[in-house]
Amino acid sequence: MSEIFPAPRSTGSQVFRLQTPRRNGLRHGLIALTLSSWLLFPGLGCKRGEGAAALKRLASTDDSVPAPPAPPKFGGQEALTLKRLQTYSGEVPEFTAITVLPGRGMDIASIKAYLPGRGETELLNVPPLSQIAALMTGTGADSHGEANATAGAAFLVPFVNPLAGSVSADGKNLAVNVHGKSISLPVAIDPDHPAAPPMARFGLLSLMSTSIPQINTMPDGSEGRATYETGNFGGHWPGKLEVTVSTLLSGRAIDLLISSTNTGSEPVPVSAGWYPRFAIPSGNRAQATVRLPKTSTAGNLSSSSDGFNARQGKALGTQELDVTLVNPKPSLFDNGPTVELRDPAIDYGLRVVGMSASINGIRVLAPSGKNWIVVSAVANPNDSSGKPLDAENANDLMLAPGKTLQWRVRMELFIPSTQVKAANDASTFDPVPARP
């Protein structure tokens with residue numbers, strides 16, 4: 001696994017160093033010292049022939065030193081970790097690292113942050129990287145990249161919501177009508193609902209690989225970017241696309257960007273999103289609270305979401321939450337529709353913000369008994385038949401030749417107790433929220 005991190009500043013600019021294990025020359029030095037001693041003093045402390053035998057034993061021992069294990073690969077490529085040094089002295093939360101998998105559609109395998117009182121903490125509900133490699137085999141239960149949805153935060157293109165259709169005789173494919181064109185999509189099992197009907201899920205990007213990703217230096221972190229020449233996704237999607245995924249790491253925020261460009265000659269339907277399983281770091285789900293944005297579209301909120309759009313949100317308790325918000329709206333001071341997760345037990349807060357105007361849907365899934373929550377911001381959500389859920393922006397689903405759909409989400413850290421104090425001390429002035 002390659003680790004990329006800003007080097008200490010010496011000339012006002014930053015460069016990256018690629019960390020590799022250091023070669024230990026101590027044993028070779030001992031051999032050289034022993035050899036020179038025997039050459040100078042052949043009779044010192046040993047009988048005839050013993051010096052050569054001892055040297056042979058040392059050389060043999062040196063050759064038997066095992067080589068370090070090769071780093072795991074995902075889709076034929078190593079994981080890429082972007083790191084930054086902690087800036088503050090420990091009184092505020094900071095993002096410190098993000099690990100992406102260029103060989104698996106830039107799936108995010110890890111997000112780490114320094115949390116006051118806890119140190120560096122994993123923010124995703126994911127297994128260790130070695131276990132992720134064992135899951136991402138591209139065969140069996142991972143034949144269509146399903147492991148990306150359970151072992152990280154998968155980017156979803158060209159469709160996000162599950163699609164239904166006529167199941168093939170062998171049960172492996174679906175005949176789906178997408179805007180008047182019949183296509184065949186692979187059936188993917190829902191890991192959270194194994195008994196759910198067979199459907200196409202999690203897009204088609206998860207098994208895609210790319211060339212060496214680009215690394216860009218930033219003042220407070222770094223950016224990793226990869227471009228995928230997806231074409232028609234192996235015949236599974238009408239039209240041709242080029243998809244670029246970017247992850248930008250800084251201390252207080254992580255920005256994620258998906259750019260889907262129509263490189264064909266006909267309009268193509270495109271949705272974009274992701275599927276992160278955010279951890280509840282304390283492990284105490286009952287006291288964790290969620291705040292959902294309000295929506296301008298009536299009838300898309302389930303009864304399970306009652307109370308979650310209050311100013312301070314609502315505690316999860318033992319309740320299961322599974323809701324899709326259509327055309328969500330930003331609250332005051334928000335840069336876009338925002339979902340907040342608070343873990344009062346450790347005074348931890350995570351904010352997920354839809355930064356681009358293309359994001360017109362958010363799915364939130366928090367199964368009862370699980371210490372994780374999915375916050376999936378979506379551009380152009382659809383129902384199981386492919387019909388857009390957002391009737392106001394239905395035309396945005398079709399991307400014209402040469403045009404690009406931009407999807408952008410930001411994660412921000414905050415301290416809930418400080419936020420409550422600021423809200424109690426706030427003035428009565430209400431500025432108009434701005435959204436890029």
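Where is Gly 307 found? It is in the loop between β21, residues 294–295, and β22, residues 314–315. I'll start there and then move through the rest of the chain. Please keep in mind that this is a predicted model.

So, Gly 307. It is partly exposed, with a relative accessible area of 37%. Leaving aside residues up to four places away in sequence, Gly 307 touches Gly 313 and Lys 314. You can also find Arg 291 from here: Gly 307 and Arg 291 are 16 residues apart in sequence, and their C-alpha atoms are 8.6 Å apart in space.

Now the whole chain. How many helices and strands does the protein chain have? There are 5 helices and 30 strands. The chain has 436 residues, and buried ones make up 46% of them. Take the contacts in the chain with a sequence separation of 6 or more: 66% of them are between residues 24 or more positions apart. The accessible surface is about 20,700 Å², and carbon and sulfur atoms account for 56% of that.

Next, the aromatic rings. The count is 6 aromatic pairs. One of them is Phe 155 with Trp 274, with ring centres 6.3 Å apart and planes at 20°. Why does this pair count as stacked? Planes under 30 degrees apart count as stacked, so an angle of 20° puts Phe 155 and Trp 274 in that class. On the strands, Phe 155 lies in β9, residues 154–156, and Trp 274 lies in β18, residues 272–275, so the pair ties together parts that are 119 residues apart in sequence.

Are these two residues buried or exposed? Phe 155 has a relative accessibility of 1% and counts as buried. Trp 274, at 0%, counts as buried too. The cut-off behind both calls is under 20%.

Trp 274 has another partner, Phe 278. Their ring centres are 5.9 Å apart and their planes are at 75°, so this pair is edge-to-face. The cut-off for that class is over 60 degrees. Both Trp 274 and Phe 278 are buried. Put together, ring pairs link Phe 155, Trp 274, Phe 278 and Trp 407 into a cluster.

Rings also appear with charged side chains. Which ring does the charged end of Arg 277 sit over? That is the ring of Trp 372, with the charged end 4.0 Å from the ring centre. In another case, Arg 351 lies over the face of Phe 414, at 4.3 Å from the ring centre.

Now some backbone geometry. Most residues other than glycine have a negative phi, and most peptide bonds are trans. I have three places that depart from this pattern.

The first item on my list is the peptide bond from Val 157 to Pro 158, which is cis, with omega near 0°. Pro 158 is in the loop between β9 and β10, the latter being residues 166–167.

Then comes Phe 233, which is not a glycine but has a positive phi of about 55°. Its place is the loop between β14, residues 221–231, and β15, residues 241–249. Phe 233 is buried, with a relative accessible area of 4%.

Last on this list is Phe 333, also not a glycine, with a positive phi of about 75°. This residue lies in the loop between β24, residues 328–329, and β25, residues 338–343. Is Phe 333 buried or exposed? At 62% relative accessibility, Phe 333 counts as exposed.

I'll finish with the cavities. How many cavities of 30 Å³ or more does a search of the whole structure find? It finds 2. The largest cavity has a volume of about 80 Å³. Its lining includes Pro 158, which brings us back to the proline of the cis bond. Also among the lining residues are Phe 159, Leu 163, His 179, Trp 237, Ser 271 and Asn 382.

Let's stop at Asn 382. It is in the loop between β28, residues 372–379, and β29, residues 398–399. Asn 382 is buried, with a relative accessible area of 5%. Setting aside residues up to four places away in sequence, Asn 382 touches Asn 161, Pro 162, Leu 163, Ser 271, Lys 387, Pro 388 and Leu 389. Of these, Leu 163 and Ser 271 also line the largest cavity.

That is the tour.

Notes:
Residues are numbered from 1 along each chain as its sequence is written. This is a predicted model: local features need pLDDT of at least 70, side-chain atom pairs count only at pLDDT 80 or more; totals for chains, interfaces and linings use all residues. Side-chain values use heavy atoms; hydrogens and water are left out. Rings of Phe, Tyr and Trp (its six-membered ring) pair if their centres lie within 6.5 Å; planes under 30 degrees apart count as stacked, over 60 as edge-to-face and the rest as tilted. Helices (H or I, at least four residues) and strands (E, at least two) are DSSP runs, numbered from the N terminus. Buried means under 20% relative accessible area, exposed over 50%, partly exposed in between (1.4 Å probe, protein chains only). A charge sits over a ring if NZ of Lys or CZ of Arg is within 6 Å of the ring centre and within 35 degrees of the ring normal. Contact means heavy atoms within 4.5 Å. Accessible areas come from the Shrake-Rupley method with a 1.4 Å probe; for residues, only the protein chains shown count as cover. On a 1 Å grid over the protein atoms alone, a cavity is a set of points where a 1.4 Å probe fits but cannot get out, and a pocket is an open set with protein on both sides within 12 Å along at least five of seven lines; lining residues have an atom within 4 Å of a point. Grid points are joined across faces, edges and corners, and a volume is the space filled by probe spheres set on the points.
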